[in-house]
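Student: I have a new model open on my screen and would like to talk it through. Could you help me read it, one question at a time?

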Amino acid sequence: MSQRRNLNRREFLRCASLSAMALVTGSWLSGRATSSLPDLEIALRATASEVSILPGQPTRVWTYQGEVLRGNPTSLQALPGSYLGPIIRARQGQRVRIRFTNNLPEKTVIHWHGLYTPERMDGHPRDVIGPGQSYVYEFPVINRAGTYWFHPHPHGRTGPQVYSGLAGLFLVSDDEETQAGLPSGEYDLPLIIQDRTFDTSNQLVYSTGGMGMMDGFLGERILVNGHPNFTLSVATRAYRLRLLNGSNSRIYKLAWSDGTPLIVIGTDGGLLETPVPRSYVMLAPGERIELWADFSQRPVGTEIVLQSLAFSGAEVGMGGMMGGGQPLPNGAPFPVLKVRVERQEPEALTLPTKLSAMTRYRPTDAVNYSNPRTFAVSLSMMGMMQVQWLLNERPFQMEEVAPNEKVKLNTLEMWEFVNETTPMAMAHPIHIHGPLFQIIERQVRPDQIASWETVRAGYVDEGWRDTVLLMPGERVKVLLKFENYTGLYVYHCHNLEHEDAGMMRNYLVST
């Protein structure tokens, strides 16, 4: 009975949000604020700044800066000493208004990654605004509790702008999350993982020449929350660790150095039904994972490393460098961060056996169950070292929609992504804007099984996702329901250099 009450409450909140949306759709489409007051209003600007990352000269970055205009002042939180952020916190059912100003020297736009918003609020590349211009994002928060994020999405410039520092978290809470009894406050920690390269003056180096457009950009140093050599100081308590892969193209195979299992409690779209143990977890660009990390039985002074293990199938070229110029291709092992137990504190929390209720889609309910829409990765060589990445042999066109990219509102569909056809086998994380989806099937070609076996135990397909990693030779089927908004949305590779080189397409939802 308690499960039914939770589901009814979520349905009520969703319907209430949609009713509020219907009152202000016209204003949203024009990027203007409505006359009614939002629950949370934030002024956010993208601007150039400087921050100390390495000893010596500060590093020039682009960053988001903001302030709360209306609502709870703690809804906006900074990551201390970081170019990243801010963190926006909202509750399901709230209406959020964000007054965005572009103080950069080029066009930009914000995509609310994982949040389901009206099309003109989603950050489609056609909605870029120029230097000195402003735009109002306004939408109801209909997502369940989870770790979402925001970043720029201008066509051809997403990679450089994210690399320059533009990214922040958007954390949603709800009653179900509160009832789960998870670590909160100072024990609920965001960890944004990125790789970067610096020159001798501590300035960011970004280059996609040579193999850069094949592999995507791979940096020399691993940063966590914008800091190198990151050490997380903890007490003998349980923590909720929210990990975001904010790298342009690097894929992580995360594991504890002492072999302790990772206890996964959430994915892209929020909490799982029950905790899931993994010996390691794959985390592709754009993906999030939430961990229950219990240090209560570790003596003060204990150190443990969260590392990325070796795996196969993600690299083509030599990639970046690390530690004195040693090659570090995608799939090489390295430490990510160190955890040090520094103080003794009593612990009252225990790992919940039940985290959330999840409505499971049935494949046979999909309107195209017997004939899934298929989207295949491919590329076109435009010169010796110049490539154009494609989906179904088509590059991105700003408003082009192919017949296979038109869907109907209020339908459940099965989509299949195929990574079998390119002459160079490599991994691709595919992100769909709009509704979250459920992964229902993975298959791999026999000639790619050896590489696939190095990663497959790290998939967490039990929860809601907005991004799915396709290894070489892999086919993945997902179920997604188009039930809230009509309009033009995109799906693309979240290797940002692949996205910028054309591996993105539109899909259109209509009545």
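Student: In which sense do strand β20 and β23 pair, parallel or antiparallel?
Tutor: Happy to help, and keep in mind that this is a predicted model. Strands of a sheet can pair through backbone hydrogen bonds in either sense. Here Gln307 stands opposite Pro335 in β23. Across 6 bridges, the pairing of β20 (residues 303–308) with β23 is antiparallel.

Student: Which are the edge strands of the open sheet?
Tutor: The sheet has 5 strands with mixed pairing, and their order is β13-β23-β20-β15-β18. An edge strand pairs on one side only. That description fits β13 (231–235) and β18 (281–283).

Student: Which strand gives the largest share of the largest nonpolar core?
Tutor: That core has 44 residues, and Leu241, Leu243, Leu254, Trp256, Phe295 and Val336 touch the most other members. The largest share is 5 residues, and they come from strand β23 (residues 334–343).

Student: Which residue of β23 is in contact with Trp256, its neighbours within four places in sequence left aside?
Tutor: With those neighbours left aside, the contacts of Trp256 include Leu241, Pro261, Phe295 and Gln307. β23 covers residues 334–343. From that strand, the contact listed for Trp256 is Val339.

Student: Is Thr359 buried, partly exposed or exposed?
Tutor: Thr359 sits in the loop between β23 and β24 (373–381). Buried means under 20% relative accessible area and exposed means over 50%. Thr359 has a value of 45%, so this residue is partly exposed.

Key
Residues are numbered from 1 along each chain as its sequence is written. This is a predicted model: local features need pLDDT of at least 70, side-chain atom pairs count only at pLDDT 80 or more; totals for chains, interfaces and linings use all residues. Side-chain values use heavy atoms; hydrogens and water are left out. A nonpolar core is a set of buried Ala, Val, Leu, Ile, Met, Phe, Trp, Tyr and Cys residues joined through side-chain atoms within 4.5 Å. Buried means under 20% relative accessible area, exposed over 50%, partly exposed in between (1.4 Å probe, protein chains only). Helices (H or I, at least four residues) and strands (E, at least two) are DSSP runs, numbered from the N terminus. Contact means heavy atoms within 4.5 Å. Two strands pair if DSSP finds at least two bridges between them.
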